[in-house]
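Subject: Structure handover

Hello,

Please find the structure below, with the sequence. My notes on what was found in it follow.

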Amino acid sequence: MGASELYKRHQPLGDRAAAAELLRTSPIPTTSLIMPTFTYQFDTKAYKKSVSFETGLFINGKFQDGSDKTTIDVTNPSTGKLITAISEGTRADVDLAVAAAQKAYETSWGLK
């Protein structure tokens with residue numbers, strides 16, 4: 001299911017209380033003790049350093065594992081070689097992300 005299909009199927013939350021309740025009761029942890037990271041070592045004339053970033057879902061200002069704790073392999077299409085694995089988002093993760101976005105819009109990002 002593509003992102004546009006998820007957008008069309010998702011019913012927006014009606015108010016801040018509903019968003020807060022979803023965030024409060026979510027089974028998805030807001031932090032992870034060990035968040036997987038991807039590190040790439042650049043070795044060119046211009047740049048010889050490594051770059052790392054977390055591979056979880058960025059929801060409510062934090063990286064976290066998906067609710068099902070499953071991952072998706074990212075492969076290099078030209079070689080078929082595995083690059084890394086990233087957290088897989090589910091419908092529950094989309095609901096949590098939308099609730100967090102609505103809460104942010106109503107409290108700090110949106111027009112007041």
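To start with one position, Asn60 sits in the loop that links strand 3 to strand 4 (62-64); helices (H or I, at least four residues) and strands (E, at least two) are DSSP runs, numbered from the N terminus. Asn60 is not a glycine, yet its phi is positive, at about 60°. Because its relative accessible area is 39%, Asn60 counts as partly exposed. The classes are buried for under 20% relative accessible area, exposed for over 50%, and partly exposed in between (1.4 Å probe, protein chains only). Lys69 is another residue other than glycine with a positive phi, near 60°. Lys69 belongs to the loop between strand 4 and strand 5 (71-75).

Some points on how to read the values. This is a predicted model, in which local features need pLDDT of at least 70 and side-chain atom pairs count only at pLDDT 80 or more, while totals for chains, interfaces and linings use all residues. Residues are numbered from 1 along each chain as its sequence is written, and side-chain values use heavy atoms, with hydrogens and water left out.

Confidence

pLDDT is the predictor's confidence in each residue, from 0 to 100. The protein chain has an average pLDDT of 78, and 67% of the residues reach at least 70. Among the elements, strand 3 (residues 57-59) has the highest mean pLDDT, 95, and helix 1 (residues 3-9) the lowest, 41. Over residues 1-13 pLDDT stays under 50, and the model has 11 contacts beyond four places in sequence for them. A contact means heavy atoms within 4.5 Å. Residues 28-33 also stay under 50 in pLDDT, with 13 contacts beyond four places in sequence.

Overall make-up

The protein chain contains three helices and six strands. Along the sequence their order is α-α-β-β-β-β-β-β-α. The chain has 112 residues, of which 20% count as buried. About 8300 Å² of the chain is exposed, and carbon and sulfur atoms supply 58% of that area; accessible areas come from the Shrake-Rupley method with a 1.4 Å probe, and for residues only the protein chains shown count as cover. Taking contacts between residues at least 6 apart in sequence, 48% join residues at least 24 apart.

Strand 6

Three residues of this strand are worth listing.

- Thr84 lies in strand 6 (residues 82-87). Thr84 counts as buried because its relative accessibility is 16%. Apart from neighbours within four places in sequence, Thr84 is in contact with Phe38, Thr55, Ile72, Asp73 and Val74.
- Ser87 is also part of strand 6. Its relative accessibility is 10%, so Ser87 counts as buried. Not counting residues up to four places away in sequence, Ser87 touches Thr55, Gly56, Leu57, Gln64, Asp65, Gly66, Thr70 and Thr71.
- Ile83 lies in strand 6 as well. With a relative accessible area of 40%, Ile83 is partly exposed. Leaving aside neighbours within four places in sequence, Ile83 contacts Phe38, Val74, Thr75 and Asn76. Ile83 and Phe38 are 45 residues apart in sequence, and their C-alpha atoms are 8.5 Å apart in space.

Surface and aromatic residues

Tyr40, Phe42, Tyr47, Val51 and Phe53 make up a nonpolar patch on the surface, with about 450 Å² of accessible area together. Patches are made of residues with over 30% relative accessible area and no salt bridge, where like charges are joined within 9 Å and nonpolar side chains (Val, Leu, Ile, Met, Phe, Trp, Tyr) within 5 Å. Tyr47 is in the loop between strand 1 (37-41) and strand 2 (50-54), and counts as partly exposed because its relative accessibility is 37%.

Tyr40, Phe42 and Tyr47 also form one aromatic cluster. How many aromatic pairs does the structure hold? There are four. Rings of Phe, Tyr and Trp (its six-membered ring) pair if their centres lie within 6.5 Å; planes under 30 degrees apart count as stacked, over 60 as edge-to-face and the rest as tilted.

Salt bridge

The structure has one salt bridge, meaning a side-chain nitrogen of Lys or Arg within 4 Å of a carboxyl oxygen of Asp or Glu. Lys48 forms a salt bridge with Asp43, and the closest N and O atoms are 3.0 Å apart. Lys48 is exposed, with a relative accessible area of 54%. Asp43 is exposed too, at 60%.

Regards
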